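Open your viewer, load the model and switch to a cartoon view. We will take a short walk through it, one selection at a time.

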Amino acid sequence: MSSQAPLIDRFARRITYLRLSVTDRCDLRCAYCMPERMEFLPKAEVLTLEELHRLSLHFIARGVRKIRLTGGEPLVRRDMMDLVRALGRKLGDGLDELTLTTNGTRLTEFADDLAAAGVKRINVSLDTLDRGAFAKLSRRDMLPQVLEGIAAAKAAGLRVKINAVALKDINEAEIPGLIEWAHGAGHDMTLIEVMPLGEIEGDRFDHYLPLDAVRRDLETRWTLTDSDARSGGPARYVDIAETGGRLGFITPLTGNFCAGCNRVRVTATGQLYMCLGGEGRVDLRAALRSDNPDSALSECFARAMGEKQERHSFVIDRPGSAPAVSRHMSTTGG
Ligand code: SAM
Ligand code: SF4
């Protein structure tokens, strides 16, 4: 597919980064992400592997240089590695980076294949190192598999970044220990504020932990120096002298970062969401399945760039407030 005009929105932001959800299903049920009885999409609605691949090539032709495969849990989709291998062949030919975000439960099985396909770095989500707390938070007793998976990724030569959602009264007290563990094992780490996305069983307000407070607490223990490092995303980094590692802060609530947004997200059913925090979407599946997908997709992209909102506004300031959007993070693709 020959290259075409870049994707630039009405605020002159150039879209170079696609987060592509390959499934909304997951083998964990993290309490801040989804309810225990999560209703998943009928499989028939989900794009085929060939459609996901074709769609990715369209994005690459329009200037997307980085693709992150996500979900749900991307590694629970059976044919997932075929997509990784197909997209891996675009590395150096339009694509600069292919990566994924995973909960790590299946990394032991797939780490070598990911590395062989050209994946260099992955994000692994891990909120606690305490087996009981992990089982309670994710509603599945799978911490040992995750830790084995992270070790397997490292052994396969993948750079691993650990992502943890900071949660009051859940992992708050453990955050310094988690950072020490990650840095000790040679992994960068990023903390994330919980976002009001989709209904869950509890109230996110009860566990919302603003990261400015976490940073102040860490500064009483360690020497934090602001870093110029950027990962092409919203994280702001500090170097920690005592642990010798880098720590990122993603602050969708306390520090808006939308001015530099370079990304869009596509769900497993081919819905293009221009913003994690907005309801605006464009149906790429219908375009892909139309008689003239090239022109239908071009129209979709033009509409999306015209509609991408300037910024999200997430607030968690009182008990019982409704989510900002009804979709769960696992639907849009984290
Ligand atoms: N299952 C994979 C995983 O957990 O890494 C990929 C998808 S998951 C939706 C992506 C990321 O979103 C994870 O790091 C998870 O912790 C985070 N996440 C899920 N729900 C969230 C929420 N409501 N607020 C903030 N982060 C959330
Ligand atoms: Fe699954 Fe990731 Fe959501 Fe946890 S955060 S339930 S691992 S999709």
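The tour goes from the sheet to the two ligands.

**Stop 1: the whole sheet.** Keep in mind that this is a predicted model. Colour the strands and follow the order β7-β8-β9-β6-β5-β4-β3-β2-β1-β10-β11-β12, an open sheet of 12 strands with mixed pairing. Now select 224-226 (β7) and 281-283 (β12): these strands stand at the edges, and each has a single partner strand, so one side of each is left without a neighbour in the sheet. Turn the view and you can follow the twist, which averages 25 degrees from one strand to the next.

**Stop 2: the β7 end.** Select β7 together with residues 236-240, strand β8; the two run antiparallel and are joined by three bridges. Here L224 has I240 of β8 as its bridge partner. Next add residues 245-250, strand β9, which pairs with β8 in the antiparallel sense over five bridges. Show R236 as sticks and you will find F249 of β9 opposite. The hairpin of β8 and β9 has four residues between the strands, and G244 takes a positive phi near 70 degrees there.

**Stop 3: a parallel pair.** Select residues 159-166 (β5) and 188-193 (β6), which run parallel and are joined by six bridges. To find one of the pairings, pick V165: its bridge partner in β6 is I192.

**Stop 4: a helix across strands.** Select residues 293-307, helix α9, which lies across β10 (263-266), β11 (271-273) and β12. Against β12, the helix runs at about 175 degrees.

**Stop 5: ligand 1.** Which residues come nearest to ligand 1? Of the 18 around this ligand, they are Y32, G72, T101, S125 and M195. Try these distances:

- Y32: a polar side-chain atom lies 2.9 Å from an oxygen atom of ligand 1.
- E73: an N or O atom in the side chain is 3.3 Å from a nitrogen atom of ligand 1.
- S125: a polar side-chain atom lies 2.5 Å from an oxygen atom of ligand 1.

On its own, ligand 1 has 540 Å² of accessible area, and the protein covers 95% of that. To see which elements give two or more residues to this shell, select β2 (66-71), β3 (97-102) and α10 (329-332). Coloured by class, the shell has six nonpolar, nine polar and three charged residues.

**Stop 6: ligand 2.** Finish by selecting C26, L28, R29, C30, C33, M34, G72, N103 and S330, the residues around ligand 2. By class, this shell has five nonpolar, three polar and one charged residues. You have met G72 already: it is among the residues nearest to ligand 1.

Methods: Residues numbered from 1 in each chain as written. Chains lettered and ligands numbered in written order. Predicted model: local features only at pLDDT ≥ 70, side-chain atom pairs only at ≥ 80, totals over all residues. Heavy atoms only, no water. Pairing = 2+ DSSP bridges. Axes fitted to C-alpha atoms, helices over the stretch in contact; angles between N-to-C directions. Contact = heavy atoms within 4.5 Å. Near = heavy atom within 4 Å. Polar contact = N/O pair within 3.5 Å; in protein donor to acceptor, adjacent residues only side chain to side chain. Areas by Shrake-Rupley, 256 points an atom, 1.4 Å probe, with all protein chains shown as cover. Nonpolar A, V, L, I, M, F, W, Y, C, P; charged D, E, K, R; others polar.
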